[in-house]
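The following exercises concern strand pairing, salt bridges, enclosed space and aromatic contacts. Each task is followed by a worked solution in steps.

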Amino acid sequence: MRSLLKISITFVFLGGVATAGEGELVKRDNVTLKAPIVAVPSQHWEGVDGKWSTFELRVGTPAQDVRVLPATSWQETWVVYGAAANVCNTSLGVSSNCNEARGGFFDSAASPSWEAGPQLYLGLNEQLGYEGLGQYGFDTVGFGFTNNTGPTLKHQIVSEMISDTWFFGMLGLGFQPTNFSNYANPQPSFADTLWSNGNISSMSWSYTAGAYYRLKGVLGSLIFGGYDASRFTPNDVIFTMTSDNLRDIVVTIRSITSTTASGNTTLMSTPELAYIDSSVPELWLPTEVCQQFEKAFELKWDNSSGLYLINSTTHDNLLKLNPNITITLANQKTGGPTTEIVLPYASFNLNVTSPILPNRTSQYFPLKQASDSNLYTLGRAFLQEAYITTHYNSRTFNVSQCVFDDSLLPDVLALPSILPTSTSSSSTNGTKSSSKAHHNTLAGGAIAGIVIGVLAFLALIFLAILLIYRRRNRPAKRPSTPIAEIDTGKTVEPFKGSSAYTAQQASGFTNEVSGQDAKVEIQGNPVMHPQELEAEVPITPVSNGNGRDSGNGCGNLNPVKETKTPMAELSVGERGLGESWRGGEANEEHIVSPNTDTLPSMMGRERGGDGMDARAYSPVSEGTRTSWSPGAPTTTSLGRRQSKFEERWSSERER
């Protein structure tokens with residue numbers, strides 16, 4: 001058995017062999033796990049933008065068999081709606097009998113278990129030019145041709161789609177739910193239902209697209225809850241998922257190099273982030289990188305089709321050149337380990353036909369220019385030579401070079417939801433020996449560090465004691481102004497000297513206070529203590545005109561009642577630390593609560609699309625059932641789906 005794949009320092013795969021039947025328990029290293037669920041390839045190589053390995057699904061009751069492509073970037077199940085008008089768009093060169101070419105049709109009218117939902121835009125990769133509509137609902141979905149080839153799940157999200165750009169249905173691999181109207185009732189995905197039902201031991205899946213050009217055709221591999229260790233060369237590179245669950249499986253492309261018999265050519269040297277998305281075939285890269293491809297391989301951009309079409313002359317030259325394209329990946333733009341995925345020219349030698357290239361067929365190079373860095377993508381062509389394993393419980397994944405060897409038997413291993421550390425889950429012998437050595441010995445440097453730390457701590461304690469002792473023995477500083485002692489009774493004897501107040505004046509400041517022979521010292525000037533008592537305070541002395549005060553040389557004393565004024569009557573607002581006062585009025589525009597629509601999005605992007613004219617589609621043929629039509633939706637507007645992790649609402653489009 002091959003050594004277990006390390007995905008991160010704390011990401012070591014444990015598992016059991018795949019020969020256990022569905023739902024059976026397997027045991028490895030004293031950990032009992034569910035056997036991974038292996039999806040059944042359809043044995044077909046098909047598609048309008050290349051030859052791809054599809055997978056078999058059973059949808060509805062009774063089951064209708066359809067073939068779909070896995071989508072690493074999505075979480076829903078899409079099937080081609082067979083009752084739609086122009087489902088076989090002959091005006092674009094599609095055969096009038098395209099049922100088999102599109103992987104089989106689905107008709108919800110023939111499934112009593114179908115529960116109709118809203119009509120929605122498909123909303124996936126609209127910025128890359130993909131569009132379509134779907135009648136959403138719920139139905140039974142299962143793997144394989146029969147119940148014996150995989151699990152069957154009820155009440156799964158299914159979209160009867162109408163689209164020319166999405167030619168095949170798809171199986172979304174994501175674990176995020178779908179929200180049709182609000183966050184109160186999120187609908188789980190197919191993968192998440194497998195996890196919550198206990199069919200798999202972790203929120204994980206692994207996938208490679210397969211390679212038609214390798215050996216006698218190596219079919220794709222799709223596994224939930226584990227991976228096939230026989231399909232790739234392991235590496236120790238850690239990839240972490242982003243916080244944007246609409247674009248989470250992101251890697252850093254450090255460089256791209258072409259290797260031929262004449263040497264190496266650098267095609268990309270500036271690190272960029274790219275999304276791994278199997279729903280599209282191409283590699284979407286920066287414009288300047290595409291220009292380097294053009295120069296190295298004499299590629300020509302076709303404006304009418306938006307593709308790098310390859311004629312026979314260019315194809316022959318590329319066969320002679322036979323370049324290997326090496327894509328160096330890392331988790332971040334600088335530092336850390338890297339891994340290389342090498343793609344031969346055969347992985348870029350694809351065919352395109354109707355409806356993508358109307359009424360004709362051509363070879364093309366699956367490369368497209370992206371002016372926005374958020375659109376950089378490694379598509380299905382990349383996954384012909386790369387094997388990806390994701391683990392959503394730990395938000396990590398691994399990308400490794402595929403192995404093509406028909407003498408190897410499958411080695412399917414399960415993944416636990418909590419991954420052990422590398423030190424506790426290495427090989428059994430290695431763990432015991434290294435653990436024993438670690439606990440029985442201490443390096444000399446560690447001992448010296450401990451001694452120095454203890455000495456430093458004792459020195460700090462001694463310094464603190466010294467400072468406290470010196471402060472307590474410091475003589476008190478005498479006040480610079482005369483001190484008058486106020487008896488707690490009723491008389492005041494001011495200090496003889498330059499006091500500005502006589503005994504008669506001071507009596508106006510005297511209040512009876514509780515206490516046992518306590519005295520209060522006043523430094524020169526009288527001190528008013530906050531009490532809810534009546535007190536007499538002096539007013540400004542009135543001069544008699546000859547420079548002397550009238551009466552006894554001081555101003556007249558008028559008794560004044562002192563009352564407390566509530567803070568609210570003084571227009572004092574209650575504000576938080578650091579908040580500015582704005583005219584005493586509450587600024588409610590800046591208050592954000594969970595019930596408002598101003599909460600920022602964690603994702604920065606939303607599902608759903610804009611600018612799509614639903615009237616371009618007429619989904620139901622004449623003479624067939626008219627259960628729905630985008631031209632006459634059952635709701636006043638087409639809704640949009642958003643992830644449960646997104647906290648910003650968007651208004652629905654008005655038709």
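Two strands pair if DSSP finds at least two bridges between them; helices (H or I, at least four residues) and strands (E, at least two) are DSSP runs, numbered from the N terminus. The model is a predicted one, in which local features need pLDDT of at least 70 and side-chain atom pairs count only at pLDDT 80 or more, while totals for chains, interfaces and linings use all residues. Residues are numbered from 1 along each chain as its sequence is written, and side-chain values use heavy atoms, with hydrogens and water left out.

**Exercise 1. The surroundings of strand E32**

Task: Determine which sense of pairing strand E19 adopts with E32, and over how many bridges. Then treat E18 and E31 likewise, and state how many residues of E32 are buried.

Solution.

Step 1. E19 (residues 239-240) pairs with E32 in the antiparallel sense, over 2 bridges. Within this pairing, Thr-240 is the residue opposite Thr-396 of E32.

Step 2. E18 (residues 232-233) is also antiparallel to E32, with 2 bridges. Here Thr-233 faces Gln-401 of E32 as its opposite residue.

Step 3. E31 (residues 386-391) joins E32 through 6 bridges, again in the antiparallel sense. Ile-388 stands opposite Val-399 of E32. E31 and E32 form a hairpin with 4 residues between the strands, and in this hairpin Arg-395 has a positive phi near 60 degrees.

Step 4. Buried means under 20% relative accessible area, exposed over 50%, and partly exposed in between (1.4 Å probe, protein chains only). In E32 (residues 396-402), 7 of the 7 residues are buried, so the strand is largely enclosed by the rest of the structure.

**Exercise 2. Salt bridges between distant parts of the chain**

Task: State how many salt bridges there are, and locate the partners of the Arg-380 and Asp-49 pair. Is Glu-385 buried or exposed?

Solution.

Step 1. A salt bridge requires a side-chain nitrogen of Lys or Arg within 4 Å of a carboxyl oxygen of Asp or Glu. The count by this rule is 4 salt bridges.

Step 2. Arg-380 and Asp-49 form a salt bridge through their side chains, at 3.5 Å from N to O. Arg-380 belongs to the loop between strand E30 (377-378) and E31, and Asp-49 to the loop between strand E6 (41-46) and strand E7 (52-59), so that the pair links parts of the chain 331 residues apart. Both residues, Arg-380 and Asp-49, are buried.

Step 3. Glu-100 and Arg-67 meet in a salt bridge of 3.1 Å, N to O. This pair links the loop between strand E9 (77-81) and strand E10 (105-106), where Glu-100 lies, to strand E8 (residues 64-71), which holds Arg-67, across 33 residues. Glu-100 is partly exposed at 49% relative accessible area, whereas Arg-67 is buried at 8%.

Step 4. Arg-214 and Glu-385 meet in a salt bridge of 3.0 Å, N to O. The partners are 171 residues apart: Arg-214 is in the loop between strand E15 (204-208) and strand E16 (221-224), and Glu-385 in the loop between E30 and E31. Arg-214 counts as partly exposed at 27% relative accessibility, and Glu-385 as buried at 0%.

Step 5. Glu-46, Arg-67 and Glu-100 are joined into one network by salt bridges that share partners.

**Exercise 3. Aromatic contacts**

Task: Classify the geometry of the ring pair Phe-143 and Phe-190, and state which residues form one aromatic cluster with Trp-74.

Solution.

Step 1. Rings of Phe, Tyr and Trp (its six-membered ring) pair if their centres lie within 6.5 Å; planes under 30 degrees apart count as stacked, over 60 as edge-to-face and the rest as tilted. The structure holds 20 aromatic pairs.

Step 2. For Phe-143 and Phe-190 the ring centres are 5.2 Å apart and the planes lie at 75 degrees, so this pair is edge-to-face. Phe-143 is in strand E12 (residues 133-143) and Phe-190 in helix H1 (residues 190-196), so the pair ties together parts 47 residues apart in sequence.

Step 3. Phe-143 is buried at 1% relative accessibility, and Phe-190 is buried at 2%.

Step 4. Trp-74 forms one aromatic cluster with Trp-78, Tyr-130 and Trp-166.
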